[in-house]
Amino acid sequence: FRGKRCVCLKVLDSGLLLVSGPFAINGVPLRRVNSAYVIATSTTVDMKSVSVPAHLDDNYFSKSSADNVPKDKEGEFWQTDGKAAVVSDKRKADQKTVDAGLLKVVAATPMLKQYLNAKFSLNNNDRPHMMKF
């Protein structure tokens with residue numbers, strides 16, 4: 001999701017940021033992001049009306065111990081059996097819950113939907129130290 005704009009929902013106990021697109025606008029799901037990969041902008045979103053469920057913490061995003069089993073052979077590691085990654089129903093429901101509140105705030109703020117949908121990139125002639133984000 002490099003180059004996409006998103007909304008920071010909260011700072012987790014590990015120091016990572018919980019962000020969301022919202023998914024309906026730019027395709028960024030609920031994710032944990034290291035703050036080193038984030039550029040803060042002067043754009044603000046009023047988060048008072050958005051409720052972030054309390055169970056969205058570091059444990060929610062951690063992999064199960066079955067996913068961390070080391071693979072013995074390279075072929076087994078890369079073998080996917082033609083199946084795509086499956087997103088659980090719980091994550092889909094949580095995404096819809098958070099997006100519902102965010103979409104109301106985005107709709108109430110002029111031009112915020114277009115801003116979140118726009119990609120961010122720098123060119124060779126851009127001077128990031130002189131830009132105001």
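Reader: What makes Gly-15 stand out in the hairpin of E1 and E2?

Author: Its backbone angle. In this predicted model, Gly-15 takes a positive phi near 100°. The hairpin has 5 residues between its strands.

Reader: Why are E1 and E2 called paired?

Author: Pairing requires at least two bridges between two strands. E1 (7-11) and E2 (residues 17-20) share 4 bridges, in the antiparallel sense. The criterion is therefore met. Within this pair, Val-7 stands opposite Ser-20 of E2.

Reader: How do you know that E2 also pairs with E3?

Author: By the same cut-off of at least two bridges. E2 and E3 are joined by 3 bridges and run antiparallel, so they count as a pair. Val-19 has Arg-31 in E3 as its bridge partner.

Reader: What makes the sheet open, and which strands stand at the edges?

Author: The sheet has 3 strands in the order E1-E2-E3, with antiparallel pairing. E1 and E3 (31-33) each have a single partner strand, so one side of each lacks a neighbour in the sheet. Those two are the edges. On average, neighbouring strands are turned by 40° against each other, direction ignored.

Reader: Where is Phe-1, and how do you know which residues it touches?

Author: Phe-1 lies in the segment before strand E1. Contact means heavy atoms within 4.5 Å. Leaving out residues up to four places away in sequence, Phe-1 touches Gly-27, Val-28, Pro-29 and Arg-31. Phe-1 and Gly-27 are 26 residues apart along the chain, with 8.4 Å between their C-alpha atoms. That value separates C-alpha atoms, whereas contact is judged on heavy atoms.

Notes: Residues numbered from 1 in each chain as written. Predicted model: local features only at pLDDT ≥ 70, side-chain atom pairs only at ≥ 80, totals over all residues. Heavy atoms only, no water. Axes fitted to C-alpha atoms, helices over the stretch in contact; angles between N-to-C directions.
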